[in-house]
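This report describes selected local features of one structure. The reader is invited to keep the sequence and the model in view while following the sections below.

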Amino acid sequence: MSEEGEEIRYVPLRPAEEYWAAPQRRSFVLSELSVTGLVIICELDEPLVGAKRPAMSMKITQYVRMSDDSMVRLDMDRGVSSFKHGWVRPVSWKRAAPDVIHEVLDLVRADGANGESFPWEAYAEAARVRGIEVDPEELKDLPHTVLISDELTKIFEL
């Protein structure tokens, strides 16, 4: 999605109640797996405490997808809060899907060297800390996906 003209696809996440179901555990040997992509998951975050205006917060969690389709969290979380000015009711957060995705990518890229590219070296280092050997250049060539939760989809009216 970093190149102009690339396709943006909407893929809904599972309903919120499924997040609380017990995960299915499978054994694996991390050294036998390879990284197949970067996944950025956007979810509704806790409301801001003491906000005087209507506000909405989104948390952004980043993962590497492994060759067995498991995902390893990189602990490079981000977030953004939006406020509405004025007292228009009802409050609308309506936005086009490409605008939401581009905002997320801009926030993630802000950690990059020039703000126009992902912080590939930081991703590779975060993966190494978790026992995953991957080169920054290798990561750069892998697909990256932005997933938006159903709750955010409803708020943004996507």
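## Lining of the second largest cavity

In this predicted model, the second largest cavity is lined by Met56, Met58, Val80, Ser82, Arg95, Glu103 and Phe156. Two elements, β2 and β4 (78-83), give two or more residues each to this lining. Sorted by class, the lining residues of the second largest cavity comprise four nonpolar, one polar and two charged residues.

The volume of the second largest cavity is about 40 Å³. A search of the whole structure finds two cavities of 30 Å³ or more.

## Aromatic pairs and their cluster

A pair of aromatic rings is described by two quantities, the distance of the centres and the angle of the planes. With ring centres required to lie within 6.5 Å, the count of aromatic pairs comes to three. One of these joins phenylalanine 118 and tyrosine 123: the ring centres are 6.3 Å apart and the planes stand at 45 degrees, so the pair is tilted. Tryptophan 120 and tyrosine 123 also form a tilted aromatic pair, with 5.8 Å from centre to centre and 55 degrees between the planes.

Tryptophan 120 and tyrosine 123 both belong to helix α3 (residues 120-129). Because they are three residues apart in this helix, about one helical turn separates them. Together, Phe118, Trp120 and Tyr123 make up one aromatic cluster.

## Burial of the cluster residues

Are the members of this cluster buried or exposed? A residue is buried if its relative accessible area is under 20%. Phenylalanine 118 has a relative accessibility of 4% and therefore counts as buried. Tyrosine 123, at 1% relative accessibility, is likewise counted as buried. Tryptophan 120 is buried as well, with a relative accessible area of 10%.

## Surroundings of serine 70

Where is serine 70 found? Serine 70 lies in the loop between β2 (55-66) and β3 (71-73). Strand β2 is also one of the elements that give two or more residues to the lining of the second largest cavity.

The side chain of serine 70 makes a polar contact with the side chain of aspartate 68, at 2.5 Å. When neighbours within four places in sequence are left aside, the residues in contact with serine 70 are Leu33, Val64 and Arg65.

Terms used. Residues are numbered from 1 along each chain as its sequence is written. This is a predicted model: local features need pLDDT of at least 70, side-chain atom pairs count only at pLDDT 80 or more; totals for chains, interfaces and linings use all residues. Side-chain values use heavy atoms; hydrogens and water are left out. Helices (H or I, at least four residues) and strands (E, at least two) are DSSP runs, numbered from the N terminus. A polar contact is a pair of N or O atoms within 3.5 Å; within protein, one must be able to donate a hydrogen and the other to accept it, and residues adjacent in sequence count only if both atoms are side-chain atoms. Contact means heavy atoms within 4.5 Å. Rings of Phe, Tyr and Trp (its six-membered ring) pair if their centres lie within 6.5 Å; planes under 30 degrees apart count as stacked, over 60 as edge-to-face and the rest as tilted. Buried means under 20% relative accessible area, exposed over 50%, partly exposed in between (1.4 Å probe, protein chains only). On a 1 Å grid over the protein atoms alone, a cavity is a set of points where a 1.4 Å probe fits but cannot get out, and a pocket is an open set with protein on both sides within 12 Å along at least five of seven lines; lining residues have an atom within 4 Å of a point. Grid points are joined across faces, edges and corners, and a volume is the space filled by probe spheres set on the points. Ala, Val, Leu, Ile, Met, Phe, Trp, Tyr, Cys and Pro count as nonpolar, Asp, Glu, Lys and Arg as charged, and the others, Gly among them, as polar.
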